[in-house]
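This report looks at charged pairs and at the nonpolar interior of one protein chain. Please keep the sequence and the model in view while reading.

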Amino acid sequence: MNSLLFIGIIVFLFLLGGIRIIFEYKRALKFRFGKYVSIMRPGFRLIIPFVETIQVVDIRVITINIVSQEVMTEDNVPCSIDGVVFFKVNDPEKAILKVEKFNFAITQLAQAALRDVCGKVELDTILSKREEMGKNIKAIVEKETEVWGIEIIDVKIKDIQLPENMRRMMANQAEAERSRRARIILALAEEQAAGKLLEAGKLIDQSPSAIKLRLYQTLANIATEKNSTILFPFPEEVLPRKRKTKKKKKKTKKDITGTIIP
């Protein structure tokens, strides 16, 4: 009786050792004596202990950082660039059987592709077209990982570190550019203001009353300062006007022969 109980306990522990729980976001490859058998789906699964083993693969989107890479751009500017790779395992069988440690392999591919792509363009292109640089890196990496059953979702360039002297030069360039734009805007404003003043002057010239009203408005603005003294001239209406005098014509006499007698 004791021997049967002992055997029963051994069998129970043996079966208990073969219980596996596979989560929904994972897949398990089952191997029997080291030979691939099948892919185990999520749920409660049993394997034969010491005979069968499993290797679990995560099929969610995985993120890998690209460590900072020293790159010499096409215009001979040294810089450090890092990024991030998003990928997903579409075929767990190929990802396990075709490549060893696919995470490490993708990291190495991404680093090499980043140095290759960024080294063929100028610094201004890298700074202004990060999205395009990421797409170029993605195209290179996914060409290699496609045979591994791995899909590259996206590649992003995160940060670009420049030498201190280069950052100062770029700051000076940006400041000069902002100054240039400010001067252009100021010149355009002066041009528009001059045009409006010219139109206003032409309009005022058409009416003497408008000139007087403008004068009165200017005097009113000056009068707001209490410490100002204004000398206001007499209006033209109260000033005496000079009368025009007619010159008298001298009468002359003529004799019978037409000679003028004074």
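Is Lys156 buried, partly exposed or exposed? In this predicted model, Lys156 counts as partly exposed, because its relative accessibility is 31%, and partly exposed residues fall between the limits of 20% and 50%.

**Charged pairs**

Side chains of opposite charge can pair when their charged atoms come close. The structure holds five salt bridges, and the table lists three, among them two that involve Lys156.

| Salt bridge | Closest N to O distance |
|---|---|
| Arg32 and Glu52 | 2.5 Å |
| Glu131 and Lys156 | 3.1 Å |
| Asp154 and Lys156 | 3.3 Å |

The salt bridge between Arg32 and Glu52 links distant parts of the chain, since Arg32 belongs to strand β2 (residues 26–32) and Glu52 to strand β5 (residues 52–58), 20 residues apart. The two partners can also be described by their accessibility: Arg32 is partly exposed, with a relative accessible area of 35%, whereas Glu52, at 5%, counts as buried.

Lys156 pairs with Glu131, and this pair ties together parts that are 25 residues apart in sequence, because Glu131 lies in helix α5 (residues 130–145) and Lys156 in strand β8 (residues 150–161). Glu131 is partly exposed, with a relative accessible area of 43%. Lys156 also forms a salt bridge with Asp154, and through shared partners Glu131, Asp154 and Lys156 are joined into one network.

**The nonpolar core**

In soluble globular proteins, nonpolar side chains tend to be buried together. Which residues touch the most other members of the largest nonpolar core in this model? They are Ile81, Phe87, Phe102 and Ile150, within a core of 37 residues. Several helices and strands give two or more residues to this core, namely β2, β6 (62–72), β7 (78–89), α2 (92–97), α3 (102–118), α4 (123–128), α5 and β8. The largest share, eight residues, comes from α3.

Phe87 offers a way to look at the surroundings of one core member in detail. When its neighbours within four places in sequence are left aside, Phe87 is in contact with Arg60, Val61, Ile62, Ile64, Phe102, Asn103, Ile106, Ile150, Glu151, Ile152 and Ile153. This list includes Phe102 and Ile150, which are named with Phe87 among the residues that touch the most other core members.

Key. Residues are numbered from 1 along each chain as its sequence is written. This is a predicted model: local features need pLDDT of at least 70, side-chain atom pairs count only at pLDDT 80 or more; totals for chains, interfaces and linings use all residues. Side-chain values use heavy atoms; hydrogens and water are left out. A salt bridge is a side-chain nitrogen of Lys or Arg within 4 Å of a carboxyl oxygen of Asp or Glu. Helices (H or I, at least four residues) and strands (E, at least two) are DSSP runs, numbered from the N terminus. Buried means under 20% relative accessible area, exposed over 50%, partly exposed in between (1.4 Å probe, protein chains only). A nonpolar core is a set of buried Ala, Val, Leu, Ile, Met, Phe, Trp, Tyr and Cys residues joined through side-chain atoms within 4.5 Å. Contact means heavy atoms within 4.5 Å.
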